[in-house]
Structure formats: structure tokens, C-alpha cells
Amino acid sequence: MRVAAYICRMDIILHPIAFVTNSRTEAVDDFWGSVTSEITLAEGIPPETLDSIELFSHLEIIYHFNQSSPDAVVYHGRPRGNPAYPVMGIFAQRKKDRPNAIGLCTVELLEHRGRILVVKNLDAIDGTPILDIKPVMKEFQPKGEIRQAAWVSDLMKDYWK
């Protein structure tokens, strides 16, 4: 049986539900550990959307790399351009220059104040649009050992400092 390959093109329109405020104005790869961010709901998003969110210690934040250029998209290459790391596909790394410029980060929720969430460990720069917020639930976490390439620990050694 032969299966026909096809490309499906669709436009997906997403609107920010919130925006990041913090001290980082450039997408620099390391030293995010001291950054505390505020996530403020966008106009038109009711504050009730955050009701009871403080019952969770961690959140998953989905955001748009809005300062990445569509011309800078990388489909394969070395992480951070470092010749010490292997050449690999973009979906085997977390680089910002992705085909859909979407970021995902698990953050610690420090405080909830009305329309504002104060979080730690968010690697998004000031002004970044937030696409979605989800609570971290144990039941959605990996069930077995997490495996990763040996070089990742070297690449990440200063990321959360």
C-alpha cells in the first residue's frame, strides 16, 4: 500500500494571554537563575483565569520568541554553534531560532497577585508574549528515567546560575 505524502498549510492565529516583565532585554543563553519575572495578563483576559493557580508550585509557560527573525530559522546545526557539540536537527535542541518560534519552560510559582504571577526560572526576555499557562501535575511528568545527550550538561552548566 502506498501512502501519498502531502504538505498541509494552515494559518494558526494565536493571541497573547499575558506578557513577561523582567530585567533581561536580550536573548542571552546563560545566567537565568537570578532572574525573577512577572507574567501579567493581557487586556481582555479576566483575572479569574488565574483562580487557584497558587495551589500549584510549578507552571508550564508556553511563549513566543517574538524577537527571533523568520530569516534566522535553523533546521540543523551545532547547539550554540559550538564545534564541540554534534550537528543535529532543530527538534533535538532547544534553540530559539525554530520554525514556529515557540518556547516552553517549567517555572516555579513564587506569588500570585490578581492579574500577575511572579515566577522564577523563566528564560523569556522582557516583553515576551505568553501563549498559554498550564499547571505542572505529577501525572503528566515522565514515567521513567530521562535520557539526554552527554554534551547537554556541559551546554547547560551556566544556564540557571
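A polar contact is a pair of N or O atoms within 3.5 Å; within protein, one of the two must be able to donate a hydrogen and the other to accept it, and residues adjacent in sequence count only if both atoms are side-chain atoms. With that in hand, a good place to enter this predicted model is S57, whose side chain makes a polar contact with the side chain of H58 at 2.7 Å. The pair qualifies because residues adjacent in sequence count if both atoms are side-chain atoms.

S57 sits in the loop between β2 and β3, the latter strand covering residues 58–64. Its relative accessible area is 47%, so S57 is classed as partly exposed. Once neighbours within four places in sequence are left aside, S57 is in contact with V107, E108 and L109. One of these, E108, is 51 residues from S57 in sequence, yet the two C-alpha atoms are 5.9 Å apart in space.

A step back helps to place this loop in the whole chain. The secondary structure consists of one helix and eight strands, and these follow the order β-β-β-β-β-β-β-β-α along the sequence. The C-alpha trace spans about 50 × 40 × 35 Å along its principal axes. Of the 161 residues in the chain, 32% are buried. The accessible surface comes to about 11100 Å², and carbon and sulfur atoms supply 56% of this area. Among contacts with a separation of 6 or more, 73% involve residues 24 or more positions apart; the contact between S57 and E108 joins residues 51 positions apart.

Two further residues belong to the loop between β2 and β3. I45 is found there and, with a relative accessible area of 21%, is partly exposed. Buried would require under 20%. Apart from residues up to four places away in sequence, I45 touches I17 and R115. The C-alpha atoms of I45 and I61 are separated by 16 Å, with their positions 16 residues apart along the chain. S52 lies in the loop between β2 and β3 as well. Its phi is near 70 degrees, a positive value in a residue other than glycine, and its relative accessible area of 39% makes S52 partly exposed.

A positive phi is also found at N121, where the angle is near 75 degrees and the residue is again not glycine. N121 is located in the loop between β7 (116–120) and β8 (129–135). With 22% relative accessibility, N121 counts as partly exposed.

Attention now turns to charge. The chain carries 18 positive and 21 negative side chains, and the centres of the two sets lie 8 Å apart. Side chains of opposite charge can pair when their charged atoms come close. Seven salt bridges are present in the structure.

One of them joins R80 to D29, with the closest N and O atoms 3.5 Å apart. This pair links distant parts of the chain, for R80 lies in the loop between β4 (76–77) and β5 (88–89), while D29 lies in the loop between β1 and β2, 51 residues away. Both partners are partly exposed: R80 has a relative accessibility of 33%, and D29 has 39%.

Where does R24 lie, and is its side chain buried or exposed? R24 is placed in the loop between β1 (18–21) and β2 (36–41), and the residue is buried. No salt bridge is formed by R24, as the nearest side chain of opposite charge, that of D29, is 7.7 Å away. The side chain of R24 instead reaches the backbone oxygen of V28, at 3.1 Å. D29 thus enters the account twice, as the salt-bridge partner of R80 and as the nearest oppositely charged side chain to R24.

Other salt bridges include the pair D132 and K134, whose closest N and O atoms are 3.5 Å apart. D132 is partly exposed at 29% relative accessibility, and K134 is partly exposed at 37%. Another salt bridge connects K157 with D154, and here the closest N and O atoms are 3.2 Å apart. D154 counts as partly exposed, with a relative accessibility of 37%. Salt bridges with shared partners also join E38, E111 and R113 into one network.

Conventions. Residues numbered from 1 in each chain as written. Predicted model: local features only at pLDDT ≥ 70, side-chain atom pairs only at ≥ 80, totals over all residues. Heavy atoms only, no water. Helix = DSSP H or I, 4+ residues; strand = E, 2+ residues; numbered from the N terminus. Buried < 20%, exposed > 50% of the residue type's maximum accessible area, 1.4 Å probe, protein only. Contact = heavy atoms within 4.5 Å. Areas by Shrake-Rupley, 256 points an atom, 1.4 Å probe, with all protein chains shown as cover. Lys, Arg positive; Asp, Glu negative; His and termini not counted. Charge placed at Lys NZ, Arg CZ, Asp CG, Glu CD. Salt bridge = Lys/Arg side-chain N within 4 Å of Asp/Glu carboxyl O.
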